[in-house]
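Grab a pencil and work through these exercises with the structure open beside you. Try each task before you read its solution.

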Amino acid sequence: MCALPAGGFDGSAPTRYSRRGHIPGSRSLPGRDLADSAGRVLPGPELAARAAAVLHGADSPVVLYRGGGISAAGTALALTLLGRDGIAVYDGPLEEWSKDPALPPELGG
């Protein structure tokens, strides 16, 4: 699960990483979309709706990543507040992953 903003996920926005795009097979759940304009986690029902739209009811473990891990940690907190178990943050975020030429990025949504 990618916590980058939509443009970072689909590769349409400029990036500071080695290559644009996301880890193949990942889904987009931008961390910023789970907070209000003051940076507070959204109210439960709204938060649940946004997460459900991406998770599609899947009960499997969720591994989150971002460019450097900070937004992924916030997304992990938001999912934990919803009662979700099995959440991990990839400690080698997109910044590290995109440097490896053997790991192809995926573009688009």
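**Exercise 1: a leucine in a loop**

Leu29 counts as buried, because its relative accessibility is 3% (buried is under 20% relative accessible area, exposed over 50%, partly exposed in between, with a 1.4 Å probe and protein chains only). Before going on, note that this is a predicted model, where local features need pLDDT of at least 70 and side-chain atom pairs count only at pLDDT 80 or more, while totals for chains, interfaces and linings use all residues. Residues are numbered from 1 along each chain as its sequence is written, and side-chain values use heavy atoms, with hydrogens and water left out.

Task: find where Leu29 is found, and list what Leu29 is in contact with beyond its neighbours within four places in sequence.

Solution.
- Start with the element: Leu29 sits in the loop between α1 and α2. Helices here are DSSP runs of H or I with at least four residues, strands are runs of E with at least two, and both are numbered from the N terminus.
- Next, collect the contacts (heavy atoms within 4.5 Å). Setting aside neighbours within four places, Leu29 touches Met1, Cys2, Ala3, Leu34, Arg50, Ala51, Val54, Thr75 and Leu79.
- Finally, try a distance: Ser18 is 11 residues from Leu29 in sequence, and their C-alpha atoms are 22 Å apart in space.

**Exercise 2: the chain as a whole**

Task: work out how many helices and strands the chain has, and how its radius of gyration compares with that of a compact globule.

Solution.
- Count the elements: there are 4 helices and 2 strands.
- Put them in order: from the N terminus, they run α-α-β-α-β-α.
- Check the radius of gyration (taken over C-alpha atoms; the globule rule is 2.2 Å times the number of residues to the power 0.38). A compact globule of 109 residues would come out near 13 Å, and the chain agrees, with 13 Å.
- Add the extents: the C-alpha trace spans about 40 × 30 × 20 Å along its principal axes.
- Look at burial: 36% of the 109 residues count as buried.
- Look at contact range: of the contacts between residues at least 6 apart in sequence, 70% join residues at least 24 apart.

**Exercise 3: charged pairs**

Side chains of opposite charge can pair when their charged atoms come close.

Task: find how many salt bridges a search of the whole structure gives, then take them one by one.

Solution.
- The search turns up 3 salt bridges (a side-chain nitrogen of Lys or Arg within 4 Å of a carboxyl oxygen of Asp or Glu).
- Take Glu95 and Arg16: their closest N and O atoms are 3.8 Å apart. This pair links distant parts of the chain, with Glu95 in helix α4 (residues 94-97) and Arg16 in the loop between α1 (6-10) and α2, 79 residues apart. Glu95 is partly exposed at 31%, while Arg16 counts as exposed at 62%.
- Now Asp36 and Arg40, whose side chains meet at 3.2 Å, N to O. Asp36 is partly exposed, at 28%, and Arg40 counts as exposed, at 55%.
- Last, Glu46 and Arg50, with closest N and O atoms 3.0 Å apart. Both lie in helix α2, 4 residues apart, or about one turn of the helix. Glu46 is partly exposed at 35%, and Arg50 is partly exposed at 34%.

**Exercise 4: the largest pocket**

Task: find which residues line the largest pocket, and which helix gives the most to its lining.

Solution.
- Fix the term: on a 1 Å grid over the protein atoms alone, a pocket is an open set of points where a 1.4 Å probe fits, with protein on both sides within 12 Å along at least five of seven lines; lining residues have an atom within 4 Å of a point.
- List the lining: Ala48, Ala51, Ala52, Leu55, Gly57, Ala58, Asp59, Leu79, Leu82, Gly83, Arg84 and Asp85.
- Name the main contributor: helix α2 (residues 44-55) gives the most, with 4 residues.
- Sort by class: 7 are nonpolar, 2 polar and 3 charged (Ala, Val, Leu, Ile, Met, Phe, Trp, Tyr, Cys and Pro count as nonpolar, Asp, Glu, Lys and Arg as charged, and the others, Gly among them, as polar).
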